[in-house]
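Hi there,

Here is the structure I promised to pass on. Have a look at it first, and then read my notes below.

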Amino acid sequence: MENASKALIIAGAILISIVLVSVGVIVVQSLNPDAAVEEMTKQEVDAFNSKFNSSIGDNKLGSVAKSLISNVMTNNANTDASNQVSVQLVDSVISTNSVAMTAESVTLSAMRNKVNTSARYNIVVTKTSNGGRVQEITITRVAN
């Protein structure tokens with residue numbers, strides 16, 4: 001009987017140790033939320049970029065640029081800060097010193113309103129993450 005009670009005490013101690021280790025792991029993960037974030041898979045990056053890829057290119061109409069900015073606004077409203085896309089609008093036709101508007105200096109809706117639908121624009125991805133996810137797009141007005 002004496003051995004059985006010692007075995008129960010040892011088993012109880014082991015169970016308590018397992019519970020304490022589990023609680024410790026949960027606490028550490030909650031203190032470091034970035035550790036739980038995984039990189040996007042290739043398919044997720046392709047799906048993310050597909051929202052913008054059809055608008056990328058040279059000599060695009062202003063309506064395409066406006067649509068792209070609307071897509072960026074929708075994306076940024078529905079995702080966390082790490083997946084947001086920034087936009088830079090450059091009007092190189094106005095002056096030789098290009099005037100650039102960034103998403104930080106104006107709202108995206110104000111930027112969209114500055115786009116002339118009948119003008120032509122070159123739209124390029126100017127910054128991507130290590131995994132290839134679009135992070136920044138530059139829209140440059142060109143002479144017709």
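Does I10 count as buried or exposed? Before the answer, one caution: this is a predicted model, so please read everything below in that light.

I10 has a relative accessibility of 52%, and because exposed means over 50%, I10 counts as exposed. You'll find I10 in helix α1, which covers residues 2-31. I10 also has company: together with I14, L15 and I18, I10 makes a nonpolar patch of about 410 Å² on the surface.

Now for the overall layout. The protein chain has four helices and five strands. Reading from the N terminus, the order of elements is α-α-β-α-β-β-α-β-β. Of the 144 residues in the chain, 23% are buried. The accessible surface of the chain adds up to about 9400 Å², and carbon and sulfur atoms account for 57% of that. If you take the contacts between residues at least 6 apart in sequence, 59% of them join residues at least 24 apart.

Next, a pair of helices to look at. Helix α2 spans residues 42-53 and helix α3 spans residues 62-78; their axes come within 9 Å and cross at roughly 145 degrees. On the α2 side, the contact is made by F48, K51 and F52, while α3 brings in L68, N71, V72 and N75. Sorted by class, the residues in this contact are four nonpolar, two polar and one charged.

Stay with α2 for a moment, as there is a charged pair to see there. In general, side chains of opposite charge can pair when their charged atoms come close. How many salt bridges does the structure hold? There is one, and the partners are the side chains of K42 and D46, with an N to O distance of 3.1 Å. Both K42 and D46 sit in helix α2, four residues apart, or about one turn of the helix.

How open are those two residues? K42 has a relative accessible area of 58%, so K42 is exposed. D46 has a relative accessible area of 40%, so D46 is partly exposed.

If you want a route through the model, start at the patch of I10, I14, L15 and I18, go on to the place where α2 and α3 cross, and finish at the salt bridge between K42 and D46.

Cheers

Note on methods: Residues numbered from 1 in each chain as written. Predicted model: local features only at pLDDT ≥ 70, side-chain atom pairs only at ≥ 80, totals over all residues. Heavy atoms only, no water. Patch = residues over 30% accessible without salt bridge, like charges linked within 9 Å, V, L, I, M, F, W, Y side chains within 5 Å. Areas by Shrake-Rupley, 256 points an atom, 1.4 Å probe, with all protein chains shown as cover. Salt bridge = Lys/Arg side-chain N within 4 Å of Asp/Glu carboxyl O. Helix = DSSP H or I, 4+ residues; strand = E, 2+ residues; numbered from the N terminus. Buried < 20%, exposed > 50% of the residue type's maximum accessible area, 1.4 Å probe, protein only. Axes fitted to C-alpha atoms, helices over the stretch in contact; angles between N-to-C directions. Contact = heavy atoms within 4.5 Å. Nonpolar A, V, L, I, M, F, W, Y, C, P; charged D, E, K, R; others polar.
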